[in-house]
Amino acid sequence: MQGSGGWIDLSAGDEFAGYRIERRLGRGGMGVLYLAVEPGLERQVALKLIAPEAADEEVFSRRFAEESRIAASIEHPNVVPIYAAGEEDGVPFIAMRYVSGSDLGQRLAREGRLEPAVAMGLIAQVANGLDAIHAAGLIHRDVKPANVLLSGAGGEDHAYITDFGVARNVATESGLTQTGRFVGTLDYVAPEQISGVDVDARADVYALGCLLFKLLTGEVPFPREGEAARLYAHLHDPPPAPSLHATAVSMALDDVVIRAMSKEPGDRYPSAGDLGRAAVAALSGSSPALPERTVATGAAATREAPTAVIEEKPRSPRRALVAAGALAAVAVIAGVAIALGGGDGGGDGGSPASADGSPPARSKPESKPKPALTESQLIAKADAICRDSQDRYLEVRDMESEYATDVPYAEALVRYARSRIRGLRGLTPPKRLAGPYDEYVEAQERVYATDKQAVTAAKDEDVAGVEAARNRRDAEDELRERLAREIGFQVCSTPQS
């Protein structure tokens, strides 16, 4: 039964710790999984044998016994039940319920991505299971598609969170990380796990946010080449907005993913269940029924107060443009108006601009100021607004030939820019970025004003006036791009033509 590299290689009919092996189900970095039968009860179990290099570590052996005891005490419909745990011939093992069907990773491989309603249903179940794990004082530390098992019939998927092979009882002073082993999966690992600092239940909240992004888009949040690039992205790059990768995803779901994947644990949802409820509510345009709170116990509990709930602003649906007419004299305006970038960040198109080309008047302050966004949230939301506007321009440009641009066409592009400014004004930056962000928005407004002047000149067939406005816009736009780069915007800092 001894296999290569110290692994125990079991075949059908072999016995291990009293279990009769039927077949091997799979092998991962932490162990081998078999389908086995428990004698006497004659029930099928999933039997996991822990990798020999892990079993040889004294710290792991001590921790394994304690965590197995805690994990076996968890009774929740979305957590795979553990029947027994122990050690046989120096090899630690876990016997757990066998879930026939597939895992979430296999489903994604077949389907690419899931419909938002299906994704929310699964995320809510996984979140509830994680809450039960956290309430027991454990952190899973390896939330990913392959560790979500699926069963059920008639299209009703039942999700189970599984694989406590790398879960860590945070009440234990030591862990595998002290022996140099990296715990987690790179595409779903929280920044604090990479940094090696103390982690709590919110590390799993981050991973669940990554999983939500994967379900909605079919892609991992940071598809970088090489391990170092992926680790760097988790540490430093702003959370991506799924709506930029899948048009069926609403911006309300963007907000959920961005908050869940905040770099600072205190900016995330305080519990996995809060994330799940927020995702379901965002899908229906409502608010979660329960107040946010942490459910983790002991050292797994959060160690500072959770961030206040970010108020969500209803967003209008995206609208298609119908362009008509033709005026060759206005051909240059396409490049002028495009440079604004931007788009419908959630406004209704904005109020009309003044006749002298000045930007739209600022809206009246609200009676209750909106909570400030985190830096990651600000970057993700602003970039989403800019990307939306660029996508709108590309759709319009594809509808019009080089010689079919006209005044209504150019005016529509300016309306998109005006709507984008409204969207940017609706964002409340963190205190540290308040000054630079205000400068950036003001630069956007000056760019808008020059484009509006160009449209007015075009209506008068004043080609010289159009060229003069365009030159002023180029100077303002260079400043706008520089300010965007200084803040950390990615989409908003790129040329928008």
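Which residues touch the most other members of the largest nonpolar core? Good morning, colleagues. The model before you is a predicted one. In its largest nonpolar core, which holds 63 residues, the answer is Leu208, Leu212 and Leu275. Helix α6, residues 202–217, supplies the largest share of this core, with 11 residues. A second core, separate from this one, has 19 residues, among them Cys386, Leu424, Tyr437 and Ala443.

Let us consider Leu212 in particular. Beyond its neighbours within four places in sequence, Leu212 contacts Met120, Ile123, Val256, Val257, Leu275 and Ala279.

I turn now to the packing of helices. Two packed helices are described by the angle between their axes and the distance between those axes. For α6 and α9, the angle is about 30° and the axes lie 9 Å apart. An angle under 35 degrees counts as roughly parallel, and α6 and α9 are therefore roughly parallel to each other. Their crossing is right-handed. On the α6 side, Val205, Leu208, Gly209 and Leu212 make the contact, and on the α9 side Ala272, Leu275 and Ala279 do so. By type, these residues comprise six nonpolar, one polar and no charged.

Helix α9, residues 272–284, also packs with helix α4, residues 116–135, at an angle of about 160°, with the axes 7 Å apart. These two helices, α4 and α9, are therefore roughly antiparallel. The crossing of α4 and α9 is left-handed. Among the α4 residues that take part are Met120, Ile123 and Asp131, and they meet a set in α9 that includes Leu275, Gly276 and Ala279. The contact of α4 with α9 comprises 12 nonpolar residues, three polar and one charged.

Key:
Residues are numbered from 1 along each chain as its sequence is written. This is a predicted model: local features need pLDDT of at least 70, side-chain atom pairs count only at pLDDT 80 or more; totals for chains, interfaces and linings use all residues. Side-chain values use heavy atoms; hydrogens and water are left out. A nonpolar core is a set of buried Ala, Val, Leu, Ile, Met, Phe, Trp, Tyr and Cys residues joined through side-chain atoms within 4.5 Å. Buried means under 20% relative accessible area, exposed over 50%, partly exposed in between (1.4 Å probe, protein chains only). Helices (H or I, at least four residues) and strands (E, at least two) are DSSP runs, numbered from the N terminus. Contact means heavy atoms within 4.5 Å. Axes are lines fitted to C-alpha atoms, for helices over the stretch in contact, and angles run from 0 to 180 degrees between N-to-C directions. Angles under 35 degrees count as roughly parallel, over 145 as roughly antiparallel, 65 to 115 as roughly perpendicular and the rest as oblique. A crossing is left-handed if the near helix is turned anticlockwise from the far one by less than a right angle, and right-handed if clockwise. Ala, Val, Leu, Ile, Met, Phe, Trp, Tyr, Cys and Pro count as nonpolar, Asp, Glu, Lys and Arg as charged, and the others, Gly among them, as polar.
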